[in-house]
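Here is my notebook from a session of looking things up in a structure. I kept the entries short, and I explain each term where I first need it.

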Amino acid sequence: MTTISVDRSRLPDPGAARPFTFPSIDKSVLSNGLKVWSVRHAAVPIVSYMLLVRSGSSSDPEGKEGLAAIAADMLDEGSGERSAIGMHEALARIGAQFDTDIGADAALLSITTLAKCADRGLQLLADMVARPSLTEADFTRVRQLRLHRLTQLRDVPGAVADRTFMRLLYGSHPYGHTPMGSEESVATLSVDDVRLFHADVIRPDTATLIAVGDCDHAEIVRLAADAFEGWHGPDDLQVVDAPAGRGLATPAATSRLVVVSRPGAPQSELRIGHVAVARSTPDYHALVAANMVLGGQFVSRINLNLREDKGLTYGARTSFDFRKLPGPFALQVSVQTVATARAIEESIGEIAAIRGPRPVTDDELSLGIAALTRGYARNFETAEQVARAATQIALYDLPDDYFVQFVPRVERITTADVTRAAAAHLNPERLLTLVVGDLDVIAKDLEQLGLGQPVVLSAESL
Amino acid sequence: MNLPFSKHTLDNGLDVLLHEDRTCPIVAVNLWYHVGSKNERPGKTGFAHLFEHLMFEGSEHHDRGYFHPLQAAGASLNGSTNADRTNYWEVVPANALELALWMESDRMGYLLPALTEAKFSNQRDVVLNERRQNYENRPYGLASMAILAGLFPPDHPYHWTTIGEIADLHAVQLEEVQAFFRRYYHPANASLAIAGDIDPEAALSLARAYFGDIAPGPRAEPVAAAATLGGDSRLLLEDRVELPRLYMSWLSPAMFAPEDADLDLAADLLANGKTSRLYRRLVFEERIATDVSSGQNSREIAGFFQVTATAAPGHTLGEIEAVVLDEISRLVDLGPTDDEMERGRVQAEAQFVYRLQTVGGFGGKSDQLNAYNVFVGDPGYFERDLMRYETVTPASMRAAVDRYVRRAPRMTLSIVPRGRINLAIADSSAAVVS
């Protein structure tokens, strides 16, 4: 055995990480237009299927916000001979996990199952997606539960903040609501709305089925052709690829500071941000790196400032939500009530500073790049992670080698790139600050911020 | 299906568990200390968790934040504290294993010289904010405090939550934190798992080199405490919520004890998922609840079985309670169906396989090996653990539910909208949470 000498005067230098490779994607198209992709990933005897529908909550018609989400929620409520309960018994019998994930641009319907049950899992997914029962009785029950959930969310500060913030940023734009919709809009939905949505939007010619596991591509294609046989979209092959109509984002808020009062709240839930930039921006990688420095990791400026220096919060983070159309940049943090104004001032200060007054340093950028690239392989350990990555390729039309190119591409970013991108896409003058908190305690401090008189929204007006 | 490993105990008592899995070029380092909030005393609660925070703030040879060098190496990292144990983990690219061991060993061997009053008071503020965010400002967030306090007597170590009481967090002194470290944070009270893209021999050499010189501390005496409920009790809590919620709790066997698996499967059968009996009846058919769930919360020295449901508007917690009691009786009287037993076993098996998907993080393979090693002294308990579920019979499940649930005293908590205490189960008294 070789003796290892321990030197505590300096940290060991890990040296170069092994180059990262993303497995290849095999692709086919079925006669009904459904794209079938498979990726071999044999670490554990598990298969992950994801069916990507290229429409999400931004396809909700005006006044029917929440439709895409409730339509997805109806898929597991029975198919053919199987009742709603029967469907879940069938899933349980093979130990499968079924999930729906509705975003603004897409809906993701997924099943993870043991490899030995792979064909039955795919059949069940197909039954749910292509041939759901969509009965009136089931719909009435599901809508009622959804309404109860929305009622309960009135008391969840983070949910109130998310929903109000998107409405303030986007108004009636398709991004102006969260996938759940509102109590008012969900109450107007009918089973016919769901049936229409299912027929028009959940259609094979714009969907992609992704299978990841120890699977043979030809076999997956054969199974999929079988399982999805008879599934057809509407005759018109018009492909709606981005939220249509209703114009681009215009700031819906006239004030820069909005408060939703929550009397007695021990913390204020904050959102600070503005409409930023689309997934297709050439500045994507530079902004990802800029965000790492600003608020995208534990050692970011804002988290170190608010948490590690001042102890005002359990944690703060920022993100660019890259979507088909420009999505929001936002800071999310929950701070103790008495520190609300101070936290807002510090946060806006950090956002302004990174654009130039205190630009990203070489050290900060190398740390951000290292954090993004050196552990990149971690993001592709499980079948589900690999499948989710493939959905990004399908949804945003990325090249197949996108993930392989990510590391070298990020490594080429310079501090000048980052500062330019931050200056181009962050604008302190346009930042909207939303506070869900105890107005009586914080009102005086908020007035001193120089953001104008806060506009107060009552809980009822939401 | 298994989880191969090797186990080595260093001279200072540190257990080192190694698992090789070369599918992804990453390594998980996972370190458990056998200390949690059950090692605290009344008046000194919240200690173990506050301490976990301090472990990220620097050690003698790296007297700065722990996130910086590890994130710079591409790691993800975190830690957590519960009633029975505290864990710390990093998932690093394979080439950064030595860095992770350097850092974990430095804070095990050399934390105190770097522990200052300033770090201490900053992290106490952070923890108070964590408490506000996850308990005080969250609907139903104080339920766990009321339930534990109602189930376990004041001197029982499960009486309080891991986050601790506000007054205790304010009162704690730096010297007490130092004494806590000396008592529990040493090799003989720890278990280190290294899993992933490793050469096991080389990894063991590294572990010996970095941890071998750290002196063992005093043996931590096992915590023993008894809890019994003298009779049924009913508590209520007013909260900023729209819908009242019912929590029914019973004392139950500890983790891995006989009948723990029976109650675990019974909880699934009763109230987890759309196929469960209570979901069908309360949410699907009678529609008197908006959600229902159940769990056998087994811990190291005791457990509690729980059913939770939220009332649909226009319905009462009393209606829900009657249905829950009825279904519990029906399960004891008639037993589970063959189909339910089969589904329960298949789902248990699938859950075991799903847990093998990651080498690190919370619940990954390294965490699993440490859990088995710390709680049953055998990292290879995986297959026997699965067997516990496969050997549950309808008769054994009926007996367990009868003994620990149907015939046992229960603690009932109603959480109701502020000012609406009439919505609580009748004869409930106000719970005190601090």
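**Entry 1: two unusual loop residues**

I began with B:Arg287, which I found in the loop between α10 (277–285) and β9 (289–298) of chain B. My helices (H or I, at least four residues) and strands (E, at least two) are DSSP runs, numbered from the N terminus. I noted that this is a predicted model, where local features need pLDDT of at least 70 and side-chain atom pairs count only at pLDDT 80 or more, while totals for chains, interfaces and linings use all residues. Residues are numbered from 1 along each chain as its sequence is written, and chains are lettered from A and ligands numbered from 1 in the order in which they are written.

What caught my eye in B:Arg287 is its phi near 55°, a positive value in a residue other than glycine. Most residues other than glycine have a negative phi. I then asked whether B:Arg287 is buried or exposed. It is partly exposed, because 17 other C-beta atoms lie within 10 Å. The rule I used: a residue is buried with 20 or more other C-beta atoms within 10 Å of its own, exposed with 12 or fewer, and partly exposed in between, with C-beta atoms placed from the backbone.

B:Phe256 also went on my list, as a residue that is not a glycine but has a positive phi of about 70°. I located B:Phe256 in the loop between β8 (245–252) and α9 (260–271) of chain B. With 16 other C-beta atoms within 10 Å, B:Phe256 is partly exposed.

**Entry 2: a helix pair in chain B**

Next I looked at how α10(B) meets helix α11 (residues 317–334) of chain B: their axes come within 10 Å and cross at roughly 150°. Axes are lines fitted to C-alpha atoms, for helices over the stretch in contact, and angles run from 0 to 180 degrees between N-to-C directions. That makes α10(B) roughly antiparallel to α11(B). Angles under 35 degrees count as roughly parallel, over 145 as roughly antiparallel, 65 to 115 as roughly perpendicular and the rest as oblique.

Which residues make the contact? From α10(B) I wrote down B:Arg277, B:Leu278, B:Arg281 and B:Leu282, and from α11(B) B:Ile320, B:Val323, B:Val324 and B:Glu327. Two residues are in contact if their C-beta atoms, placed from the backbone, lie within 7 Å.

**Entry 3: a sheet in chain B**

I traced an open sheet of 6 strands in chain B, with mixed pairing and the order β1-β2-β6-β3-β5-β4. Two strands pair if DSSP finds at least two bridges between them. At the edges stand β1 (6–9) and β4 (76–81) of chain B, each with a single partner strand, so one side of each is left without a neighbour in the sheet. On average, neighbouring strands of this sheet are turned by 15° against each other, direction ignored.

I followed one pair further: strand β2 (residues 15–20) and strand β6 (residues 190–196) of chain B run parallel, joined by 6 bridges. There, B:Leu17 has B:Ala193 in β6(B) as its bridge partner. Helix α13 (residues 365–376) of chain B packs on the sheet, touching β2, β3 (26–33), β5 and β6 of chain B. The direction of α13 makes about 150° with that of β6(B).

**Entry 4: chain A**

I checked confidence here: chain A averages a pLDDT of 93, and 95% of the residues score at least 70. pLDDT is the predictor's confidence in each residue, from 0 to 100. Over residues 244–251 of chain A the pLDDT is below 50, and this stretch has 14 contacts in the model beyond near neighbours in sequence.

Helix α9 (residues 284–294) of chain A lies across β8 (267–277) and β9 of chain A, running at about 165° to β9(A). Because 10 of the 11 residues of α9(A) are buried, the helix is largely enclosed by the rest of the structure. Among the buried residues are A:His285, A:Leu287 and A:Met292.

I also looked up A:Ile344, which is found in helix α11 (residues 340–353) of chain A. A:Ile344 is buried, with 25 other C-beta atoms within 10 Å. Leaving aside its neighbours within four places in sequence, A:Ile344 is in contact with A:Leu270, A:Ile272, A:Thr433 and A:Leu449.

**Entry 5: where the chains meet**

How many residues of chain A are in contact with chain B? I found 56 residues of chain A in contact with 62 residues of chain B. On the side of chain A that touches chain B, α2(A) gives the most, with 5 residues.
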